[in-house]
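Guide: Welcome! Here is the model we will explore together. Ask me anything about the words I use.

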Amino acid sequence: MSLAQAREWIASARRIVGFTGAGISTESGIPDFRSPNGVWARNRTVYFQEFVSNEADRVEAWRQKVETWPPIRDAKPNPGHYAFVELARRGQLRAMITQNIDRLHQRSGLDPELVLELHGTTTEAACLNCGNRIPMDEAVERVQKGERAPRCLPCGGLLKPATISFGQTLPEDVLTQCQLAAQSCDVFLAVGSSLVVYPAAAFPSVAKGAGARLIIVNRTETPLDEIADIVLREEIGKVLPAIVSAQKGTPVKH
């Protein structure tokens, strides 16, 4: 019943906002860094201020980045990602809010203008001084060749993965866009997120409060299940295309 209702609501929606967390990326082979055996459990956290002020902390942060980069670099979008592409093709998807840093939404063919990256991206490194960016492949190669904490070549500033680190302020412009999108949608589709990390986890509630229907697709319980209109605890790569493709009777292409 819930799946059929979700299909109906998606089919009739005019302004859908997608929201994704680590769950959609784990189905592409990217480890969940928050898991008990994840990278964060096996390594100490390097906070933003530590990165800025201490060379040893910068070296440690880059060592961890070299370790975590290969599975992200080699990951491919899965059917869950392509379901959002199909919604965009139909003109229904107005914004794609993501907590993920892997850019699999863009790699799936989704218009980058639609994607709101709350936590930045690990596919690039950015200079904290001049803002110059380079591909992560290039930065990792420099570390592997001996630059333990690489610096910006144009200005000599600190080069940092373009992700939002612990203790680093989230981009205000992105937060504002997310807030506006949540307030103006008619369906908010939250996928693969535990919905415990704020301020990101507030947006489903904002959408619900503004009158949108809230659909949550996640394998485990979330704190917002009780306010959701529909909760689906199934594999994202199967249930999301089923919800989307039912509108036209054709499979999601990828």
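**A guided tour of loops and helix pairs**

Guide: Let us begin with Arg103, which sits in the loop between strand 2 (93–98) and helix 7 (104–107). Helices and strands here are DSSP runs (H or I, at least four residues, for helices; E, at least two, for strands), numbered from the N terminus. The model is a predicted one, in which local features need pLDDT of at least 70 and side-chain atom pairs count only at pLDDT 80 or more, while totals for chains, interfaces and linings use all residues. Residues are numbered from 1 along each chain as its sequence is written, and side-chain values use heavy atoms, with hydrogens and water left out.

Visitor: What makes Arg103 worth pointing out?

Guide: Arg103 is not a glycine, yet its phi is positive, at about 60°. Most residues other than glycine have a negative phi, and most peptide bonds are trans.

Visitor: Which kind of peptide bond joins Tyr198 and Pro199?

Guide: A cis one, with omega of about 10°. Pro199 belongs to the loop between strand 7 (187–191) and helix 10 (203–209).

Visitor: Now to the helices. Why is helix 6 called roughly parallel to helix 11?

Guide: The axes of helix 6 (residues 79–89) and helix 11 (residues 236–245) cross at roughly 20° and come within 7 Å. That angle makes the pair roughly parallel, because the label covers angles under 35 degrees, whereas over 145 is roughly antiparallel, 65 to 115 roughly perpendicular and the rest oblique. The axes are lines fitted to C-alpha atoms, for helices over the stretch in contact, and angles run from 0 to 180 degrees between N-to-C directions.

Visitor: How do you know which residues make that contact?

Guide: Contact means heavy atoms within 4.5 Å. Helix 6 brings Pro79, Gly80, Ala83, Phe84, Glu86 and Leu87, and helix 11 brings Ile236, Gly237, Leu240, Pro241 and Val244. By class, there are 8 nonpolar, 2 polar and 1 charged residues in this contact of helix 6 with helix 11. Ala, Val, Leu, Ile, Met, Phe, Trp, Tyr, Cys and Pro count as nonpolar, Asp, Glu, Lys and Arg as charged, and the others, Gly among them, as polar.

Visitor: What makes helix 1 oblique to helix 11?

Guide: The axes of helix 1 (residues 2–12) and helix 11 cross at roughly 50° and come within 8 Å. Helix 1 is therefore oblique to helix 11. Leu3, Ala6, Arg7 and Ile10 of helix 1 touch Val239, Ala242 and Ile243 of helix 11. That contact of helix 1 with helix 11 holds 6 nonpolar, no polar and 1 charged residues.

Visitor: Is the crossing of helix 1 and helix 11 left-handed or right-handed?

Guide: Helix 1 passes helix 11 in a right-handed crossing, while helix 6 passes helix 11 in a left-handed one. A crossing is left-handed if the near helix is turned anticlockwise from the far one by less than a right angle, and right-handed if clockwise.

Visitor: Why are helix 5 and helix 8 called oblique?

Guide: Helix 5 (residues 55–74) and helix 8 (residues 136–144) pack at about 135°, with axes 10 Å apart. The pair is therefore oblique.

Visitor: Which residues of helix 5 and helix 8 meet?

Guide: Trp62, Lys65, Val66, Trp69 and Arg73 of helix 5 meet Met136, Asp137, Ala139, Val140, Val143 and Gln144 of helix 8. The contact of helix 5 with helix 8 has 7 nonpolar, 1 polar and 3 charged residues. Helix 5 passes helix 8 in a left-handed crossing.
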